[in-house]
Amino acid sequence: MSAASRGLISRLRLFSVAPRISSTIIPTTLFKTYCAVSGINESDTNQSQSRIIEPKPGVMTPNSKRTGLIAVKCGMTALWDKWGKRVPITILWLDDNIVSQVKTPEKEGISALQIGCGQKKEKHLTKPEVGHFRAQGVPMKRKLREFPVTEDALLPLGTLIGVRHFVPGQYVDIAGITRGKGFQGGMKRWGMKGMPASHGASLSHRSIGSTGQRDAPGKVFKGKKMPGRMGGKQRTVKNVWVYKIDPARNLMWVRGQVPGAEGNFVFIKDAVYKKPDISLLPFPTYFTPEDEDPSELEPLVADHGEIDPFMAAD
């Protein structure tokens with residue numbers, strides 16, 4: 001074997017870090033040469049890489065993990081319970097969620113679904129973003145988010161997911177970016193008491209006071225609660241109760257507050273701690289029957305028994 005052939009084979013072995021070879025990683029000419037030298041059938045490698053994912057209902061197991069969805073925070077309202085107590089309700093809009101990329105263990109090494117939400121013009125996207133959407137063959141999306149799932153919860157590329165992916169009465173975890181409040185003092189940021197408001201305080205009523213301990217240790221410890229940037233961080237509110245969904249408008253009402261301002265994106269997934277009943281959840285998602293028109297469906301409200309604890313506000 002010549003030196004040039006040995007050098008070519010050594011280069012090809014650098015790409016073959018896994019037993020399964022993908023022609024999307026290695027250039028076509030090098031991939032064919034590697035298959036010829038190594039005695040690998042090229043058609044067998046292509047068949048092992050391609051997986052046909054059928055959009056059909058399945059059986060959810062306790063270890064199954066469904067995908068999450070992206071929503072837009074529309075605003076807040078309030079309901080009154082039967083005791084006259086005001087309960088805050090947040091309204092979320094699931095704007096045209098679609099599967100924009102499928103990641104499988106054979107190709108990417110993980111099982112995940114990339115979900116796209118909203119619409120955006122091509123001129124408002126970067127060239128890499130436009131190339132990504134064109135390569136996947138899906139419409140241009142405004143927001144993308146990747147959700148890890150189990151292999152039995154994978155969905156085909158381009159699958160449209162509506163609000164009926166969730167069931168009224170279940171608990172979900174909602175993550176989002178909190179409202180940015182800029183540089184704030186210790187009283188607003190950490191709820192500190194402040195200095196005396198009468199005698200003995202001169203222009204330091206809202207000061208946080210001393211921050212160190214004389215000569216020993218002679219420094220301020222890291223993590224000390226002091227003035228600084230407040231808000232603008234990702235936070236997750238867990239165990240949020242789904243009160244009502246509207247399939248006609250893709251709206252969802254949840255009890256309590258969620259992070260972010262109106263118009264911000266939030267990410268919803270099944271609760272980790274208060275796990276919903278797997279027999280009630282559509283798996284891997286809700287597939288709309290052909291004879292069903294979502295625009296004619298009535299809103300679905302969580303089952304409260306004989307007495308509804310909420311009453312609509314006047």
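No disulfides turn up here: the count is zero. The model is a predicted one, and its cysteines still make a handy place to begin. Take Cys74 and Cys117, which sit in rather unlike surroundings as far as accessibility goes. Cys117 has a relative accessible area of 0%, so it counts as buried. Cys74, on the other hand, comes out at 36%, so it is partly exposed.

Next come the strands. Strand β1 covers residues 69–81, and it is joined by four bridges to strand β12, residues 265–270, with the two running antiparallel. Within this pairing, Val72 stands opposite Phe265 of β12. Strand β1 also pairs with strand β2 (residues 86–93), again in antiparallel fashion, and here there are eight bridges. A pair of residues to look for is Gly75 and Ile91, the latter in β2, which stand opposite each other. When tracing such strands by eye, it helps to know that side chains in a regular strand alternate between the two faces of the sheet. Strands β1 and β2 form a hairpin with four residues between them, and in that hairpin Gly84 has a positive phi near 85°.

The backbone has a few other spots to check. As a rule, most residues other than glycine have a negative phi, and most peptide bonds are trans. Asp96 goes against the first part of that: it isn't a glycine, yet its phi is positive, at about 55°. Asp96 belongs to the loop between β2 and β3, the latter being residues 97–103. With a relative accessibility of 26%, Asp96 is partly exposed, since that value falls between the 20% and 50% cut-offs. Leu203 is another non-glycine residue with a positive phi, this time near 60°. Its place is the loop between α5 and β9, and at 83% relative accessibility Leu203 is exposed, because exposed means over 50%.

The loop between α5 (186–190) and β9 (228–230) also holds Pro217. The peptide bond joining Ala216 to Pro217 is cis, with omega at about 5°. A cis bond also links Phe283 to Pro284, where omega is near -5°. Pro284 is in the loop that runs between β12 and β13, with β13 at residues 300–301.

On to the aromatic side chains. The structure has one aromatic pair. It is made by Trp241 and Tyr243, with ring centres 6.0 Å apart; the planes meet at 45°, so the pair is classed as tilted. That angle is neither under 30 degrees, as stacked would need, nor over 60, as edge-to-face would need. Trp241 and Tyr243 are both buried. Rings also take part in contacts with charges. The charged end of Lys244 sits over the ring of Trp253, at 4.2 Å from the ring centre. In a second case, Lys274 has its charged end over the ring of Tyr171, and the distance to the centre is 4.6 Å.

Last, there's the question of empty space. Rolling a probe the size of a water molecule over the atoms shows where such space is left. The largest pocket has a volume of about 470 Å³. It is lined by 25 residues, and those closest to its centre are Lys65, Lys269, Asp270, Ala271 and Val272. Three elements give two or more residues each to this lining: β5 (143–148), β7 (171–177) and β12. Strand β12 is thus a familiar name by this point, as it is also the antiparallel partner of β1.

Note on methods
Residues numbered from 1 in each chain as written. Predicted model: local features only at pLDDT ≥ 70, side-chain atom pairs only at ≥ 80, totals over all residues. Heavy atoms only, no water. Pairing = 2+ DSSP bridges. Disulfide = S-S within 2.5 Å. Buried < 20%, exposed > 50% of the residue type's maximum accessible area, 1.4 Å probe, protein only. Phe/Tyr/Trp six-rings, centres within 6.5 Å; stacked < 30°, edge-to-face > 60°. Lys NZ or Arg CZ within 6 Å of the ring centre and 35° of its normal. 1 Å grid on protein atoms, 1.4 Å probe; cavity = no way out; pocket = protein on both sides within 12 Å on 5 of 7 lines; lining within 4 Å. Points joined across faces, edges and corners; volume = space filled by probe spheres on them.
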